[in-house]
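The exercises below are for a reader who is new to this structure. Each has a task and then a solution in steps.

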Amino acid sequence: TQTQAKTDSLTKLANRGAFDEALAKGMDEYRNQGRPMSLLLFDVDHFKKFNDTHGHQAGDEVLRNVAATLKKCAKSSDLACRYGGEEFALVMPNTTVKQASIAAERIRLALEAMKIDFEGKSLNVTASIGVAETGRQDDIDSTIRRSDEAIYSAKSAGRNRSYWHDGTTCLPISAPETDTKSP
């Protein structure tokens with residue numbers, strides 16, 4: 001069916017094809033109606049090491065739990081996706097980078113707080129998150145690239161962090177209660 005064709009079988013989130021469609025639609029709405037659109041991407045930190053240590057079934061369970069948490073944290077208008085491997089995305093139409101940054105921290109903290117029970121062990125994961133809002137100079141590829149660059153900044157800063165790309169550089173997103181320099 002159409003739904004199966006756009007759904008990742010492991011995580012039950014939208015797949016890469018649905019992601020591409022949602023991003024194109026958001027880009028059109030930005031260009032034609034001036035509606036903001038933000039993209040949130042994240043990687044599960046040290047996922048390969050996690051798989052090597054606990055096995056692929058444990059890795060699959062982690063991905064399912066991460067997906068469920070992402071879906072729970074997303075607004076109904078957002079599209080939660082499995083972008084590939086241990087990468088996830090949230091396409092956020094009608095969302096400014098300030099709103100997306102608040103969502104990024106909410107998601108990061110929810111993932112950090114998750115306890116995944118697997119074969120008698122309690123597993124924990126964290127994520128490095130990158131956020132970008134589409135700007136006049138952007139197309140789909142540059143929006144993805146900017147979000148990706150923000151992920152790498154989060155990883156370089158020690159992982160389990162959220163960063164946003166302002167069009168020129170990547171900046172840390174501070175926790176909401178200490179929010180002084182976030183977008």
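**Exercise 1. A pair of facing residues**

Task: Find which residue stands opposite Val44, and state how the two strands concerned are paired.

Solution. Note before starting that the model is predicted.
Step 1. Val44 stands opposite Ala127, a residue of strand β6.
Step 2. The strands β1 and β6 pair in the antiparallel sense, and 7 bridges link them.
Step 3. On burial, β6 is mostly covered, as 6 of its 7 residues are buried.

**Exercise 2. The other partner of β6**

Task: Determine in which sense β6 pairs with β7, and name the residue opposite Ile129.

Solution.
Step 1. Strand β6 spans residues 127–133 and strand β7 spans residues 162–165.
Step 2. These two strands pair in the parallel sense over 4 bridges.
Step 3. Ile129 has Ser162 of β7 standing opposite.

**Exercise 3. The whole sheet**

Task: Write down the strand order of the open sheet and identify its edge strands.

Solution.
Step 1. The open sheet is formed by 6 strands, in the order β2-β3-β1-β6-β7-β8. The pairing in this sheet is mixed.
Step 2. The edge strands are β2 (79–84) and β8 (170–172), each of which pairs on one side only.
Step 3. On average, neighbouring strands of this sheet are turned by 25° against each other, direction ignored.

**Exercise 4. The hairpin**

Task: Describe the pairing of β2 with β3 and the residue with a positive phi in their hairpin.

Solution.
Step 1. β2 and β3 pair in the antiparallel sense over 5 bridges.
Step 2. Cys81 has Ala89 in β3 as its bridge partner.
Step 3. The hairpin of β2 and β3 has 2 residues between the strands, and Gly85 takes a positive phi near 50° there.

**Exercise 5. Helices across the strands**

Task: For helices α4 and α5, list the strands each one lies across.

Solution.
Step 1. Helix α4 (residues 56–73) lies across β1 (37–44), β2 and β3 (87–93). Its direction is at about 15° to β3.
Step 2. Helix α5 (residues 97–113) lies across β1, β3, β6 and β7. Helix α5 runs at about 170° to β6.

**Exercise 6. Buried or exposed?**

Task: Classify Ile116 and Glu21 by relative accessible area.

Solution.
Step 1. Ile116 is found in strand β4 (residues 116–118). Its relative accessible area is 1%, and the cut-off for buried is under 20%, so Ile116 is buried.
Step 2. Leaving out residues up to four places away in sequence, Ile116 touches Glu61, Val62, Asn65, Lys121, Ser122, Leu123 and Val125.
Step 3. Glu21 belongs to helix α2 (residues 16–33). Its relative accessibility is 45%, which lies between the 20% and 50% limits, so Glu21 counts as partly exposed.
Step 4. Glu21 and Lys6 are 15 residues apart along the chain, and their C-alpha atoms are separated by 9.9 Å.

**Exercise 7. The largest pocket**

Task: Give the volume of the largest pocket and sort its lining by class.

Solution.
Step 1. The largest pocket has a volume of about 150 Å³.
Step 2. Its lining includes Thr7, Lys12, Leu13, Lys71, Ser76 and Asp78.
Step 3. By class, the lining has 5 nonpolar, 2 polar and 4 charged residues.

Definitions and conventions. Residues numbered from 1 in each chain as written. Predicted model: local features only at pLDDT ≥ 70, side-chain atom pairs only at ≥ 80, totals over all residues. Heavy atoms only, no water. 1 Å grid on protein atoms, 1.4 Å probe; cavity = no way out; pocket = protein on both sides within 12 Å on 5 of 7 lines; lining within 4 Å. Points joined across faces, edges and corners; volume = space filled by probe spheres on them. Nonpolar A, V, L, I, M, F, W, Y, C, P; charged D, E, K, R; others polar. Buried < 20%, exposed > 50% of the residue type's maximum accessible area, 1.4 Å probe, protein only. Contact = heavy atoms within 4.5 Å. Pairing = 2+ DSSP bridges. Axes fitted to C-alpha atoms, helices over the stretch in contact; angles between N-to-C directions.
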